[in-house]
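Let's walk through this one together, from the overall build of the chains down to a handful of individual residues. Keep the structure open as you read.

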Amino acid sequence: MKKNQPPKWIIRLIEWYCHPDYAKEIVGDLQELFFKWKSEKGPFRATLLYAFNALLFARRYNNRFLQNSARSNRVMMIRNYFFVSVRVLMKNKVTSAINILGLSLGLLGFTYIAIFIAREQSFDQHHQDHEDVYRLVLGPLDQNVGTYAITGAAMAPSVHREYPGIRSFARFRRFPSLVSIGDQMFYENEFYFTDSSVFDVFTHKFLEGNAKEALKEPNSLVITESSALKIFGSSKNILGKTLTIDNQLNYVVTGVIDDVENNSHFKYDYLASIASIPTHHNEPLRTYQMTSWYAHYFYTFFRLEKNVDPVQLDQQIRDAAKYHSDPDDYELYGTNMGLFLQPLAEIHLDPLRGEIKPQGNKDTLSILGVIAIVILALGTFNYTNLTTAQSIKRSKEVGLRKTLGAAKAQLIHQFIIESVLITLVSLGIAISIVQLTLPYFNTHFNSQLAIWTIETLPILAFVFVCSLAAGLVGGMYPAFIISSYKPTAIFRGIQKSRKGISFRKLIVLAQFAISMILISSTIIIYQQVAFMKNTELGIDTEQIMVIPTNGNSSIISKFELLKDRLEQLPEVSNATIAELTPGDSFGGIIARFEGMDKNRSFPTTGVSFDYMKTFGLKLLAGRDFDVTITSDSIERAIINETLANQLGWSPDEAIGKKYDFGGDNVTPGRVIGVMEDYHFNSLKSPIFPIVLTIRPAFFDKISIRLAGGNVVDGVEKVKEIWKSQYPNWPFEYYFADDHFYKEYEAEQKFGGLIFSFSLMALVIGSFGLLGIVLIDTRHRLKEICIRKTLGAGISSILKVLSAEYLKIIAAGIVISIPLSALFARNWLQEFAYQMKSYTWIILSAPFIVVLVALVTVIVLSINASKVNPVEILRDE
Amino acid sequence: MKRTTLGEFEELMLLLVAYLGDEAYGVSVYKELVKETGRALNISAVHVALNRLDEKGLVSSKYGGISAERGGRRKKYYSLTTAGKTILSETFELRKRLYQRISFS
């Protein structure tokens with residue numbers, strides 16, 4: 001008859017939560033009903049009803065934990081602690097506000113950093129089985145570490161063929177292209193050629209089309225949803241439509257995919273099939289870039305089979321170049337071309353040379369992580385400090401509680417509950433502020449942080465736990481101090497327990513030292529950026545417009561005409577076309593100079609005539625390329641001073657030395673000029689050897705130097721000429737200096753972040769000081785008044801009051817200076833060129849903090865010293 | 001003394017407890033209530049109401065006999081207290097008085 005009984009566990013549940021007075025009645029009644037239901041509705045529904053009704057019985061009146069009887073004393077006490085906490089908060093409005101504001105600020109910084117770090121660590125993990133996806137990268141064999149992100153197109157297929165364990169691969173060749181339909185045209189920078197197996201490597205949802213087939217055929221194109229919306233105004237029914245590429249190719253849309261997630265290390269809007277390359281208009285692309293093991297233009301990703309050990313595979317492919325490439329070439333580059341596998345998820349925080357776009361930085365994250373903890377600790381210390389300082393005020397309450405039988409543990413509970421309460425209120429405020437300021441933060445730092453998403457839930461939980469922990473830790477010390485007071489001592493009036501003072505001093509000291517360190521770090525970062533921006537580069541980037549041609553021969557072939565027309569304008573002084581503009585990264589080209597017994601790779605860039613003039617480069621010896629000397633186009637080189645020195649020549653000696661482009665002994669030329677050194681890239685890297693040579697095959701970017709005066713007019717005029725000469729090509733340009741300064745974006749952002757946090761730390765520190773001085777002067781009011789009655793003036797009282805704090809501040813300076821210097825040295829190490837002297841910054845930055853502190857102390861002390869002694873001393 | 005007021009549901013409860021007399025306990029009140037009013041109610045609502053009436057001193061309770069179908073648990077019987085009877089008749093008087101003043105033409 002067991003089946004006839006209602007479920008046992010429900011009965012037990014009821015008996016557990018119900019007060020025994022009620023449980024019997026409830027279980028009895030329910031059981032009676034159970035039989036009624038069973039006969040009416042069957043056993044299953046009866047059980048359901050039984051369980052449902054059992055739940056409904058969970059009410060306050062019969063809950064044995066909330067019962068209003070002797071047993072729930074604990075609950076009552078917790079309620080009481082809560083009310084007392086609220087009352088104390090309300091009573092001391094100023095200190096509560098300081099506490100809550102300080103903690104809120106601390107938690108604000110902490111929350112921001114937590115979501116920032118979590119976001120940075122989330123990159124590229126949205127792909128299915130992302131842990132099986134690796135990027136193929138290059139590195140020197142002897143260093144045993146991948147250093148270069150860009151690989152050759154020939155590598156992936158042969159590695160895939162020869163080594164088991166690779167499920168599929170995807171090569172990406174970025175090729176900015178002009179996409180047009182009808183009279184609409186867009187320069188699309190995120191245009192890539194890729195393999196048809198790309199969707200096995202990177203997970204995408206197909207809104208239209210089929211992942212397996214989409215990129216099989218030549219001239220097929222998969223576009224993202226937002227590109228579809230941009231071009232067609234809709235993401236539906238566009239399969240089979242034709243888009244014109246670079247005004248001469250017709251690609252058919254074969255798929256529409258969801259947009260690339262923002263937390264991806266690179267983004268593509270258009271994916272064209274790699275099978276389209278053989279008919280592409282760009283010759284280098286369809287020839288050696290596709291076939292040579294040693295031409296590096298592609299990003300390569302592998303998805304490994306599930307059971308493959310990536311470490312082992314990484315070892316196996318290491319020297320693949322030896323077996324799969326031309327032996328002569330291997331001889332030349334082999335040791336620099338080790339193959340390495342880099343896990344997809346690590347790319348963003350462990351970027352290599354040649355990344356598509358700027359990535360994150362592990363060091364920045366660790367610095368921010370430390371700051372997060374420090375800032376939270378500052379806020380928490382404030383609380384600890386103020387509460388301890390105020391403890392004397394509450395000693396009577398403690399005495400009374402103790403006399404009435406409160407155990408020490410209970411008092412500790414009470415104070416900890418109080419601090420946790422304050423922490424939670426602060427957390428609420430902090431989260432609200434994050435919510436409100438996030439849009440500004442995102443615009444300013446060009447980030448896409450979000451707070452209420454599924455991904456951030458664990459972070460929020462983490463922040464919550466951390467703030468609870470902070471509340472516990474912050475409340476612990478005062479709780480122990482306060483609860484250790486002896487009632488007899490308290491009521492007798494012996495309460496000048498100066499215990500805790502040294503601890504409090506220590507906290508204020510720590511706060512100031514940290515503020516000082518952060519502020520001098522901020523100044524150092526800003527100064528270094530300013531130094532790099534203000535340093536003469538040796539190459540002139542101002543007032544130079546750059547118009548990319550993206551390798552379109554129909555633009556390049558008519559450049560001479562454009563140049564002639566432009567240079568007739570009074571607004572234009574020079575125009576040139578070249579492979580690179582300042583800030584771009586150099587590629588190496590094999591060459592042999594006179595006296596070398598072996599070919600070597602030299603950073604080389606293809607330029608045209610007037611390149612030096614346009615960019616204001618200065619000659620040390622020899623001459624510039626001359627359009628009237630026909631031989632100047634045949635393997636003639638202008639080198640920089642660094643290269644001349646490396647080759648052991650003085651500038652004058654270098655002129656006329658043999659130069660063989662490609663090292664192939666075909667039409668070898670000569671060095672015709674030596675330039676002064678200049679910074680082509682940011683001051684993070686040292687000046688490297690540079691070879692300029694005239695190479696029409698490399699022509700890519702048109703640079704136009706505007707003559708001083710009105711830039712806006714100049715741009716307008718250039719646009720008119722462009723439009724009349726290239727009606728089918730959009731007029732898109734950027735300024736060379738903007739482009740160059742992008743190299744400093746990361747430092748500027750970092751500086752901005754550190755600046756925000758040092759402000760926070762300073763404010764928290766000042767709040768802390770404010771609170772402490774406030775309480776301290778209150779305690780010392782009688783002393784002040786006695787001094788006044790005995791004839792002390794305001795200035796001497798000021799001296800007495802602030803002496804203690806001056807000592808703390810001085811100690812803060814002493815501590816902060818070496819630590820700031822340590823930061824400065826380490827941080828500046830990654831720059832090849834550092835600002836001259838930062839000693840003055842480190843020595844003077846603390847005084848900003850000192851100023852704030854002094855103002856706080858002095859204002860409060862003056863206030864205190866103004867009191868009328870009669871009022872205070874009346875009852876003595 | 002503060003006058004105790006009765007809610008509609010409480011009034012029903014009192015009436016049912018009075019009507020059921022010696023047989024007034026949770027389930028019987030519940031069954032009767034469902035039968036008479038046809039309302040969809042939960043047994044817990046009845047318990048809450050009876051408890052509140054007990055707190056207000058309008059009903060009193062005592063444990064009664066054991067029955068097998070309750071798994072050996074005793075019933076808790078409710079009966080009206082004097083205060084309960086008074087308030088019930090006061091409420092009834094008030095209703096009657098007001099009702100008689102209405103002229104349904």
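Start with chain B, which has four helices and two strands. Reading from its N terminus, the order is α-α-α-β-β-α, so picture three helices, then the pair of strands, then a closing helix, using the DSSP assignment of helices and strands. Bear in mind that you're looking at a predicted model. The overall scores for it are ipTM 0.79 and pTM 0.75.

How sure is the predictor about chain B? Its mean pLDDT is 82, with 94% of the residues at 70 or more. If you go element by element, helix α4 (residues 82-101) of chain B comes out highest with a mean of 88, while strand β1 (residues 59-66) of chain B comes out lowest with 80.

In space, the C-alpha atoms of chain B take up a box of roughly 55 × 35 × 20 Å along the principal axes. Of its 105 residues, 41% are buried. The chain has an accessible surface of about 6300 Å², and carbon and sulfur atoms account for 54% of that. Take the contacts between residues at least 6 apart in sequence: 50% of them link residues at least 24 apart. As for charge, chain B carries 18 positive and 12 negative charges, and their mean positions sit 2 Å apart.

Now zoom in on a residue of chain B. B:Glu10 belongs to helix α1 (residues 8-20) of chain B. Is B:Glu10 buried or exposed? B:Glu10 counts as buried because its relative accessibility is 6%, and the cut-off for buried is under 20%. Beyond the residues up to four places away in sequence, B:Glu10 touches B:Thr5, B:Arg52, B:Leu53 and B:Lys56. For a sense of distance across the chain, try B:Arg70: B:Glu10 and B:Arg70 are 60 residues apart in sequence, and their C-alpha atoms are 26 Å apart in space.

On to chain A, where there are 32 helices and 24 strands. The C-alpha atoms of chain A fill a box of roughly 105 × 95 × 55 Å along the principal axes. Its radius of gyration is 37 Å, whereas a compact globule of 876 residues would come in near 29 Å. Even so, 53% of the 876 residues count as buried.

The contacts of chain A are worth a look too. Counting pairs at least 6 apart in sequence, 79% join residues at least 24 apart. The exposed area of chain A is about 39800 Å², with 59% supplied by carbon and sulfur atoms. There are 87 positive and 83 negative charges in chain A, and 18 Å separates their mean positions.

Let's pick out a few spots along chain A. A:Arg600 lies in strand β17 (residues 600-607) of chain A. With a relative accessible area of 38%, A:Arg600 is partly exposed. Its contacts, neighbours within four places in sequence aside, are A:Ile589, A:Ile590, A:Ala591 and A:Gln646. Follow the chain to A:Val627 and you are 27 residues from A:Arg600 in sequence, but 29 Å away in space from C-alpha to C-alpha.

A:His679 sits in a loop, the one between β21 (669-675) and β22 (691-694) of chain A. What does A:His679 contact, leaving aside its neighbours within four places in sequence? The partners are A:Glu536, A:Leu537, A:Ile539, A:Ile687, A:Phe740 and A:Tyr833. A:His679 counts as buried, because its relative accessibility is 9%.

Finally, a bit of backbone geometry. Most residues other than glycine have a negative phi. That makes a couple of loop residues in chain A worth a stop. A:Asp129 isn't a glycine, yet its phi is positive, about 55°. Look for A:Asp129 in the loop between α5 (93-121) and β1 (133-139) of chain A. A:Asn665 also has a positive phi, near 65°, in a residue other than glycine. The loop that holds A:Asn665 runs between β20 (658-661) and β21 of chain A.

Which of these is buried and which is exposed? At 19% relative accessibility, A:Asp129 counts as buried, because the cut-off is under 20%. A:Asn665 counts as exposed because its relative accessibility is 63%, and exposed means over 50%.

Conventions
Residues numbered from 1 in each chain as written. Chains lettered and ligands numbered in written order. Predicted model: local features only at pLDDT ≥ 70, side-chain atom pairs only at ≥ 80, totals over all residues. Heavy atoms only, no water. Rg over C-alpha atoms; globule rule 2.2 N^0.38 Å. Buried < 20%, exposed > 50% of the residue type's maximum accessible area, 1.4 Å probe, protein only. Contact = heavy atoms within 4.5 Å. Areas by Shrake-Rupley, 256 points an atom, 1.4 Å probe, with all protein chains shown as cover. Lys, Arg positive; Asp, Glu negative; His and termini not counted. Charge placed at Lys NZ, Arg CZ, Asp CG, Glu CD. pLDDT = per-residue confidence, 0-100.
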